[in-house]
Amino acid sequence: MKTNKNFKITPFHKWLVGFTDGDGSFYIKKNDKWIAFFLGYHLVKDDVICINKIKEGLNLDQKIEVRQKSVILAIKKHSVILNTVIPIFDNYPLITKKGNVYTIWRESFIGYVNKSKNRDELLAMKYKLNDANFLNLLPDILNFKHISTEYIVGFLEAEGSFVLSRNRNACEFYISQHKNSIYLLEAIKQYIINEWKPINSTPKLINKYLLDNWDDIVHLTKPNKHGIVNLYITNIDFLNYVVVPYLESVLWYSKKHQDYLDWKSVIKLYIGGYHKTYPDVLDYIKHVILNSNRKRWNSTSQYDINIINNILCQLPIYDLRCLYRANSVGYKFGGLLGVYVYDLNNKLLRVFSGTVPAASHFNCTKQEISKFIKNNIPFKSLYLLSSKYK
């Protein structure tokens with residue numbers, strides 16, 4: 001069977017491939033009389049809305065299986081596999097090792113439909129799908145040219161988390177994978193670095209800081225003792241002016257979207273400094289921490305979001321032209337405490353979030369940076385340093 005090269009890939013299909021890389025399964029079942037092929041999605045019961053949206057996006061008329069704690073969509077109708085499933089994954093391939101599973105599954109299905117493979121051959125391929133050692137020996141899939149924001153959101157809805165710290169004002173964009181799939185996290189990191197940019201409304205100073213530090217903001221850890229690698233972003237200005245706008249630009253389909261919306265609200269509250277003066281904000285942040293990610297499943301806890309929306313309509317506490325870190329530390333000590341580097345004609349050249357990164361850049365001590373800020377004298381005969389944005 002030839003691949004349908006004219007099949008039109010939609011944004012939903014791109015999302016679906018990302019979601020399938022994280023939460024989909026290609027598998028084969030058999031009994032004494034028959035062999036059946038499935039593309040399945042097995043989600044917690046609270047995410048039945050996601051299952052229904054997949055049904056809608058693929059124009060399926062089949063029922064879903066509802067269990068006590070989960071829901072299952074198992075696509076097995078031959079016409080759907082031939083005319084929809086295979087064209088999607090042929091034209092917009094999976095990126096993780098699940099792509100190897102799909103290749104074996106697809107070959108088995110075509111062999112079954114064309115009657116070019118006998119039962120023993122099909123069963124041998126079925127067992128390969130369940131052999132992790134065999135699959136791990138297959139080469140990595142290194143075709144990342146088609147990666148997109150839709151794919152990233154789909155994968156994020158399956159495998160990502162929006163993290164808030166209990167002990168400090170920190171937000172985190174977070175995706176974990178086993179080291180065997182580190183190449184996917186590297187591809188997502190490079191896509192973000194190469195394709196995402198600050199939105200046009202980003203304040204000039206923040207835009208400059210982000211671009212000056214662009215390659216160092218998206219982090220990829222080394223494998224831990226369990227072989228887990230993490231891609232994460234914690235810079236709140238980058239989250240607010242880059243990550244959030246791109247995640248807003250595409251459709252979401254799972255309950256993870258609510259986690260994202262709550263997380264985004266907390267970012268906006270921090271950026272504006274509202275947590276410094278509004279007790280309701282701290283209550284809301286605590287609520288989000290206690291009811292986010294996996295903790296959300298089966299949760300009946302509710303919060304009146306209108307309280308937060310009304311607060312966000314008030315004038316911000318912080319100076320939104322300036323870096324969040326400088327605002328946060330400056331509020332504590334009564335003034336902005338970033339390090340702003342000007343030339344001798346007072347043209348802004350660079351900005352740092354504090355004396356430590358400035359000292360690291362100029363290869364000196366933070367005490368030296370503070371000295372030149374305080375005395376307002378030329379630094380290295382080239383620069384004027386200030387703790388305020390002029």
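This passage describes a three-stranded sheet and the helices that pack on it, as they appear in a predicted model.

The sheet is open, and its 3 strands follow the order β10-β9-β11 with antiparallel pairing. Because β10 (348-352) and β11 (383-386) each have a single partner strand, they stand at the edges, and one side of each is left without a neighbour in the sheet. On average, and with direction ignored, neighbouring strands of this sheet are turned by 20 degrees against each other. Strand β9, which spans residues 339-343, is joined to β11 by 4 bridges, the two strands running antiparallel; within this pairing, Y340 has S386 of β11 as its bridge partner.

Helix α9 (residues 204-212) packs on the sheet through contacts with β9 and β10, and its direction makes about 75 degrees with that of β10. A further helix, α15 (residues 355-362), lies across β9, β10 and β11 and runs at about 120 degrees to β10.

The burial of side chains in α9 was then examined. Residues L205, I206, Y209 and L210 of this helix are buried. Seen down the axis of α9, the buried residues fall within an arc of 130 degrees, and they therefore line one face of the helix. This arrangement can be read against the general geometry of such elements: an α-helix has 3.6 residues a turn, so residues three or four places apart point the same way. The cover over the buried residues of α9 includes strands β9 and β10 as well as helix α10 (236-248).

Key:
Residues are numbered from 1 along each chain as its sequence is written. This is a predicted model: local features need pLDDT of at least 70, side-chain atom pairs count only at pLDDT 80 or more; totals for chains, interfaces and linings use all residues. Side-chain values use heavy atoms; hydrogens and water are left out. Two strands pair if DSSP finds at least two bridges between them. Axes are lines fitted to C-alpha atoms, for helices over the stretch in contact, and angles run from 0 to 180 degrees between N-to-C directions. Contact means heavy atoms within 4.5 Å. Buried means under 20% relative accessible area, exposed over 50%, partly exposed in between (1.4 Å probe, protein chains only). The arc is that of the directions from the helix axis to the C-beta atoms.
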